[in-house]
Amino acid sequence: TAHKICTDIRLLASRKEIEEPFEKSQIGSSAMAYKRNPMRSERVCSLARHLMGLMSNTLNTQSVQWMERTLDDSANRRITLAEAFLTADAVLTTLQNITEGLVVYPKVIERYIAQELPFMATENFIMEMVKAGGDRQECHEQIRVLSHQAGDVVKKEGKDNDLIERIRKCEYFAPIHSQIDNLMDAKTFVGRAPEQVTEFVVEEVDPVLKMYEGKLEGTVSLAV
C-alpha cells in the first residue's frame, strides 16, 4: 500500500500536480539545481520493496524446515525479524511525514483535465446525439475523425486540444451544440468516488483511529 501511494505521488509530482514536503535548503538533485525530486516517496518505495522481499525470505525458510523444525532458521530469523520491524517503522514514519506536508496544485490539475476532458467526453456526445435521433455508428465515425485530428494538433504541433472547437464548428453536431458545456462538466466523470471515499473513511478509517485515540498525536520530522 505504501509503495502504491508513493508511486502515485511520484507520477503526479512529475506532472507538477502535487509535491511532497520540500525543505527550504533541500537539494532536489545534485546534478540539476532546479529539480525537486520526491526523495521521501522514492525512499518509501525503496524500503517497501525491501520489506516485501523479506516476506519471501521467511516463506523460503519455512518451506525447507525438517519435520517439526531444524535450526538453520535461527540466524536468518534474527536478521529478518529485526529488519522487518525497522523497515516497516521507517516506511510508516516517512509516509506520515509526506502526508502531513503534501502540497496540491489545483490549477495544474485543472489544466491537465482541460486537456484530456474533451476526449473523455466523446462518449457523452455520442449518447446525446443518439438521443437526438442520430445514428450511433455515423456519430462514432464523426467523433473518431475529429478526435484524431485534434490528437495530431496536440502531439505533432504541440498545441492545445481543440476537439471542442472542431465539434462546435461541425454542422453534424448542431443538435447538441447547446449542450456541450454541460456534457463537459468534469464532476460528472467521477462516478461514486466522493461517496466511496466518505464510506471508507466512516466505516474503515474512523473506527481504527478511535481505537488509538490519544496515541497518534505528534508529527514526524525527517532530515533529507
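Begin by selecting Leu209, which is partly exposed, with a relative accessible area of 42%. Because buried requires a value under 20% and exposed a value over 50%, 42% places Leu209 in the class between them. The model on display is predicted. Leu209 belongs to helix 9, which spans residues 193-211. Add Cys45 to the selection and draw the distance between the two C-alpha atoms: Leu209 and Cys45 are 164 residues apart along the chain, and their C-alpha atoms are separated by 25 Å.

**Second stop: Asp160**

Move next to the loop between helix 6 (136-157) and helix 7 (163-169), where Asp160 is found. Is Asp160 buried, exposed or partly exposed? Its relative accessibility is 49%, so Asp160 counts as partly exposed; the exposed class would require a value over 50%. Now display the surroundings of Asp160. With neighbours within four places in sequence left aside, Asp160 is in contact with Arg111, Gln115, Val153 and Val154. For a view along the model, select Arg78 as well: the C-alpha atoms of Asp160 and Arg78 are separated by 58 Å, with these positions 82 residues apart along the chain.

**Third stop: the rings**

Select Arg15 together with Tyr112. Arg15 lies over the face of the Tyr112 ring, at 4.0 Å from the ring centre.

Then turn to aromatic pairs, of which the count is one. To see this pair, select Tyr172 and Phe173, whose arrangement is edge-to-face. The ring centres are 5.1 Å apart, and the angle between the planes is 85°. Colouring by relative accessible area will show that Tyr172 and Phe173 are both buried.

**Last stop: the largest pocket**

Finally, display the largest pocket, which holds about 410 Å³ of space. Its lining consists of 15 residues. To centre the view, select Ala2, Val91, Leu92, Leu95 and Gln96, the lining residues that lie nearest the centre of the pocket.

Which helices each supply at least two residues of this lining? They are helix 1 (2-14), helix 2 (39-63) and helix 3 (74-100). Colour these helices separately; helix 3 provides the largest share of the lining, with eight residues.

Then recolour the lining of the largest pocket by residue class. Nine of the lining residues are nonpolar, five are polar and one is charged.

Note on methods:
Residues are numbered from 1 along each chain as its sequence is written. This is a predicted model: local features need pLDDT of at least 70, side-chain atom pairs count only at pLDDT 80 or more; totals for chains, interfaces and linings use all residues. Side-chain values use heavy atoms; hydrogens and water are left out. On a 1 Å grid over the protein atoms alone, a cavity is a set of points where a 1.4 Å probe fits but cannot get out, and a pocket is an open set with protein on both sides within 12 Å along at least five of seven lines; lining residues have an atom within 4 Å of a point. Grid points are joined across faces, edges and corners, and a volume is the space filled by probe spheres set on the points. Helices (H or I, at least four residues) and strands (E, at least two) are DSSP runs, numbered from the N terminus. Ala, Val, Leu, Ile, Met, Phe, Trp, Tyr, Cys and Pro count as nonpolar, Asp, Glu, Lys and Arg as charged, and the others, Gly among them, as polar. Rings of Phe, Tyr and Trp (its six-membered ring) pair if their centres lie within 6.5 Å; planes under 30 degrees apart count as stacked, over 60 as edge-to-face and the rest as tilted. Buried means under 20% relative accessible area, exposed over 50%, partly exposed in between (1.4 Å probe, protein chains only). A charge sits over a ring if NZ of Lys or CZ of Arg is within 6 Å of the ring centre and within 35 degrees of the ring normal. Contact means heavy atoms within 4.5 Å.
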